[in-house]
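Here's a quick briefing to read with the model open beside you. It covers charged pairs, one long stretch of secondary structure and one residue's surroundings.

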Amino acid sequence: MLYKIAISMLCLLMLTGCWSRRELNELLIVLGVGVDWEDGHYLVSFQVVNPSEISNQQKRGDRPPSTLFQGRGKTLFEAARAVTAEAPRKVYAGHLQIYVIGEEAARRGINEIVDNVARDNEARMDFNIIVAKGARAEDVLKLYTPVEKLPSYSMQQSLQTSEKNWAPTIAVTLDEAINKLSSQGSELALTGIRIIGSPEVGETKQNVEKFLPPSRFRYSGIAAFKDDKLSGWLNEKESRGYTDITNNLVSTSIAIPCGDQRYLGIEVTSSSSKIKTRVANGYPEVEVSIRTEGNVVERACTDMDLSDPSTIKKVEGQTKQAILDNAIAAVQRAKELKSDIFGFGTRMEKEHPVFWNQVKDQWRNEYFPQLKVTYKIKMFIRDTGTIENSTIR
């Protein structure tokens, strides 16, 4: 009897099917989300795919490859639900790639924003979060972009590529942002994106009908947060120092002066950093160690003999000084903003827990701005190219 009951139950389980299944033609696939704050309300913008415009099997029409649906509300959930008043289908965030926060919304605070999206069981945690610098997230998502038809995909690919090859950018995912916001000894830092040219021109198809689009996006600077609010921006030099100190630098270029408006090009091929903390006479101190390797990739000054070991030592010294200057500038700016984006406090908590418990409540406003930071920089030139000295005169 028990055997028959077990068989019956198994058959019933097989008949349940995919109870939560939804067909693609019932959904709006969201690739990008933008959040702005205006007139006391959230404005949420969903950038969704127009499948017929990106399909290779269907003849493309005059519609853009993606469409923007917007909703407004006192809460993010209310704003998102308000989208249904216009959208013909339910939005689906399972393929979300980029999340843009307008600068005004970022200065107001992003805890509500991050909490809302983290509670969505359809959204994954691996999409990137960026801040619109001096712009609205809505305008960033409206841009027609060259090469890649879908703006959100273009922005995500550009962010991840520049992180690997250009020091002043970092690709931060949702789960990484949550970890930073929940830490008492470390502050959040996000890459900024700005619009070059007119936003009005950028949202027209004519924007991509020229060799150089008159309106385009560019990643620029790093946004430093204090608690969950945007505190200020790091410029390019300071952003380079930030990625070096936090061990986020993969590869970049450094220009070393070698004459009148002439520079030696150095490609950084690897970089690693370590942070050590100590407590001296009741005050915290931090030591930052950076080890960098690179190659000479451009020699504009023909009087430099790259076959001479003393020349290589001189170049290493100049490159080391440039790295040091970037790091000092980054720490100084972070202190001015009272934003420990380097995680010095987190390291202090791990290495000196008793001391940390005594100072953690005053860390942001008192101890971090007065923190003594020392640097140990090592730089090694490993290659000068297939020819040591150019034949160009």
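A residue is called buried here when its relative accessible area is under 20%, and exposed when that area is over 50%, with partly exposed in between. Keep in mind that this is a predicted model. By that cut-off Glu138 is buried, because its relative accessible area is 7%.

**Salt bridges**

- The count for the model comes to 20 salt bridges.
- Six residues are linked in a network of these bridges: Glu38, Arg72, Arg136, Glu138, Asp139 and Lys142.
- Within that network, Glu138 pairs up with Lys142, and their closest N and O atoms sit 2.9 Å apart.
- The two partners differ in exposure: Glu138 is buried at 7% relative accessible area, while Lys142 is partly exposed at 26%.
- Arg72 and Glu38 make another bridge, again with 2.9 Å between the closest N and O atoms.
- Arg72 belongs to strand β3 (residues 66-73) and Glu38 to strand β1 (residues 27-38), so this pair ties together parts that are 34 residues apart in sequence.
- Here Arg72 is partly exposed, with a relative accessible area of 41%, whereas Glu38 counts as buried at 18%.

**Helix α11**

- Helix α11 takes in residues 309-337, which makes 29 residues.
- From first C-alpha to last, α11 reaches 43 Å, close to the 42 Å expected at 1.5 Å a residue.
- Toward the end of the numbering for this helix, look for Arg333 and Glu336, whose side chains meet in a salt bridge (3.3 Å, N to O).
- Arg333 and Glu336 are 3 residues apart in α11, so about one helical turn separates them.
- That spacing fits a general rule: an α-helix has 3.6 residues a turn, so residues three or four places apart point the same way.
- As for accessibility, Arg333 is partly exposed, with a relative accessible area of 24%.
- Just after α11 comes Lys338, which takes a positive phi of about 55°.

**Around Ser154**

- Ser154 lies in helix α7, which runs over residues 151-165.
- Is Ser154 buried or exposed? Its relative accessible area is 10%, so Ser154 is buried.
- Leaving aside residues up to four places away in sequence, Ser154 touches Thr145, Glu148 and Phe217.

How values were computed:
Residues are numbered from 1 along each chain as its sequence is written. This is a predicted model: local features need pLDDT of at least 70, side-chain atom pairs count only at pLDDT 80 or more; totals for chains, interfaces and linings use all residues. Side-chain values use heavy atoms; hydrogens and water are left out. Helices (H or I, at least four residues) and strands (E, at least two) are DSSP runs, numbered from the N terminus. The expected span of a helix is 1.5 Å times one less than its number of residues. Buried means under 20% relative accessible area, exposed over 50%, partly exposed in between (1.4 Å probe, protein chains only). Contact means heavy atoms within 4.5 Å. A salt bridge is a side-chain nitrogen of Lys or Arg within 4 Å of a carboxyl oxygen of Asp or Glu.
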